[in-house]
Amino acid sequence: MSYAVSIEKMDKVLKELKKKYRVYAPIRFEKRGRYSDTDLIRYAEIDSVKDVVYNEKSDFSPKEVIHPITQTLFHFTEYEYRESQIDDKEILIFAHPCDINGIKRLDTIFLENGNNEDVYYKRLRDKVKFVLMECQEDWDTCFCISMGSNQTDDYSLAIKFGEDQLSVEVKDNEFEGFFASEEEIDFTYKFVTANQEEVNLPKIDDKEMLKKVYDLKMWEDYNARCKDCGACTSACVTCSCFTTSDVIYSENGRVGERRRVWASCQHEDFTEMAGGHSFRNTPADRMRFRTLHKVYDYKERFGEEHMCVGCGRCTDRCNQLISFSKTINKLTEEVNRLQKEVN
Amino acid sequence: MNHDINIGKLQRNCFRQSKVPGEFMLQMRVPGAVIDAKHLSLVQHVAETWGNGKFHIGTRQTFSLPGIKYENIDAVNEYIKSYIEAIEVELCDVEMDDTDKGYPTIGARNTTACIGNQHCIKGNFDTTSLARKLEKLIFPSNYHIKMSVAGCPNDCSKAHFTDFGIIGIAKMEYDYGRCIGCGKCIDACQGHATRVLSKSQGKIIKDTCCCAGCGECATVCPTGAWTRNATKFYRVIIGGRAGKQYPRMGKMFLNWVTEDVIMGIIGNWQDFSAEILEHKPIYLHGGHLIDRAGYDRFKEMILEGVELNPESEVAERIYWAETEYRANIHVKPVNK
């Protein structure tokens, strides 16, 4: 069923929902952007649907709700340890289709990779329900169509934001009661059907081609362009890497916690091993790794779809103006050229 | 040519004497150094109609139009009325009795500025907007003052070499949870700033003593862990100057002050100048004026009635370091 819901009414619903749920949505942090007098849009708990930024892409993805940037796993003393705890609240996340698909990719990594469920991910993920936000425009860095991530049926509510009214589709019966007295309307969520940016994916059929792709000259461009900052992987909804370390409290050197913190394959020390040995030593190596991970490796391993969902945040956040969609297209052109040479 | 021209009067009208007798260079103010490009056509018209067809991008960011003959000055002044009104009255809200006789005073020079955060990725604030607000405080006035406004501590506008240099700084705030300990901010601070960041237990610690407020850490932070406090803060450098006798770089007078403080101290400048110069607006660099008063008296008078925000820091004393072209008293000719 779909309903026309005023902002005021939706805020009342939100107030009710917040008794059971932590409700996360992209919101604006004024003047907190990378550059002076620019805003930062990222996920945080909301108090009003008026806070939800639905008509601009968020700088960061919703992954930080269930894969926190800094996450304490357990606390330890000299003789004992205690697992970290989370509260009883369920989680409701406002998200666009690409992000919901992105979180499915994270599910694969955290829950299905190596037949080992990550309990710290799972305990948050199990709580999540999605509120689908309609994409009212196709932003110029989006390429969800090319990645097949423009659609989803994994949502409880779907919302189209208007000036002073929302169109709400209720898919999950749990939420039907909140809207029973509202005006029924004929609203069905419209998925984006075209992007300005079209990405052609590389067809890498065998290991021989893969080796040639490794040696492509195009990667070397990034030695001068990429500054290894890792803004791309931080913004990416599907990047899941973290580093685990023990933190010892300074007031008592025998007490501390084990925590994990996001890591980035774009950082120089990402592949550093004991003894200082490292095997992706240049920005070019790291750029190649990330690109292939997103549009080759993951699918090679898990079979169904590519890791990248085409949200385009890596492009938006790159302060060196490196476009990931253009990078993929360049790669595909090169692969096609190599293919012709073979034939 | 038998000229009989009161060049002092023309100078106060912003027409500068040329080495060619009877010719003058008009200096048109551009407070904060940014205006709409449409005004260029007026500048071009004046240069081509009454000047020698050229214009100099003045060292104080004026439009300087040389080669204007004395007899055409009235016509030029009449023509630039629309420019003066557009820039001084409309943009800067300056109170002027008369706009058809050209610029009424030259005392307070054009306030220079870098492009600031209107464009620059390093800029911490809108330099032009601040310069326009300052214009209302200093213009028109026969008392001399030179100011420069810099968007960040890079100080591309050379705030260190002017009477009052105002530099935009940002109070950086750190979100421990968002930090991934990658150390990019440490590298940036090490390479570009004051080396106040270091790593401890996978996160960043900061020596708050000496943060330059540049914002480099936020520029490179991949996760948005470093952000600028939304309040704009400023550093004020005083007493810098060029000149033949004792050029010197200015020194820090105030740090971490808000815009209200800036407006307060610049608002006090004319009274300070009048007091020290015994109400005779003679030409004296601001730095010399501060020297004449002595720093303690300057500080007392310039901060009169100014409410300092709690974050403010004020220089207790200033150690000037001049280059003494006039007073090389220890250097003697070899034969004596």
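This is a short walk through some strands, helices and domains of a predicted model.

Let's start with the main sheet in chain A. Eight strands form it, and the sheet is open. The order is E3-E2-E6-E7-E8-E9-E1-E10, with mixed pairing. Which strands sit at the edges? Strand E3, residues 40–45, and strand E10, residues 183–184, of chain A. Each of these pairs on one side only.

Look at the E3 edge. Strand E2 of chain A, residues 21–29, runs antiparallel to E3(A), and six bridges join the two. One residue to find here is A:Ala25, whose bridge partner in E3(A) is A:Ala44.

Now put a helix on that sheet. Helix H3 of chain A, residues 97–112, packs on it. H3 touches E3, strand E6 (90–95) and strand E7 (128–133) of chain A. The direction of H3 makes about 155° with that of E7(A).

Next, strand E4 of chain A, residues 70–76. What does E4(A) pair with? Strand E12 of chain A, residues 256–262, in the antiparallel sense over six bridges. E4(A) also pairs with strand E5 of chain A, residues 81–83, again antiparallel, over three bridges. A hairpin of four residues joins E4(A) to E5(A). Find A:Phe74. This residue stands opposite A:Arg258 in E12(A), and opposite A:Glu83 in E5(A).

On to the helices. Helix H9 (residues 283–302) and helix H11 (residues 324–342), both of chain A, pack with their axes 11 Å apart. The angle is about 85°, so H9(A) is roughly perpendicular to H11(A). Who makes the contact? From H9(A), A:Met287, A:Arg290, A:Thr291, A:Leu292, A:Lys294 and A:Val295. From H11(A), A:Phe324, A:Thr327, A:Ile328 and A:Leu331. By class, that contact has six nonpolar, two polar and two charged residues.

Stay on H9 for an aromatic pair. The count over all chains comes to 25 aromatic pairs. One of them is A:Tyr298 with A:Phe302. The centres are 4.9 Å apart, and the planes make 55°. That pair is tilted. Both residues lie in helix H9 of chain A, four residues apart, about one turn of the helix.

Last, chain B. How is chain B divided? Into domain 1 (7–91), domain 2 (114–169 + 232–314) and domain 3 (172–228). Taken over C-alpha atoms, the centres of domain 1 and domain 3 of chain B are separated by 46 Å.

Definitions and conventions
Residues are numbered from 1 along each chain as its sequence is written. Chains are lettered from A and ligands numbered from 1 in the order in which they are written. This is a predicted model: local features need pLDDT of at least 70, side-chain atom pairs count only at pLDDT 80 or more; totals for chains, interfaces and linings use all residues. Side-chain values use heavy atoms; hydrogens and water are left out. Axes are lines fitted to C-alpha atoms, for helices over the stretch in contact, and angles run from 0 to 180 degrees between N-to-C directions. Angles under 35 degrees count as roughly parallel, over 145 as roughly antiparallel, 65 to 115 as roughly perpendicular and the rest as oblique. Contact means heavy atoms within 4.5 Å. Ala, Val, Leu, Ile, Met, Phe, Trp, Tyr, Cys and Pro count as nonpolar, Asp, Glu, Lys and Arg as charged, and the others, Gly among them, as polar. Two strands pair if DSSP finds at least two bridges between them. Domain bounds come from an automatic or database domain assignment. Rings of Phe, Tyr and Trp (its six-membered ring) pair if their centres lie within 6.5 Å; planes under 30 degrees apart count as stacked, over 60 as edge-to-face and the rest as tilted.
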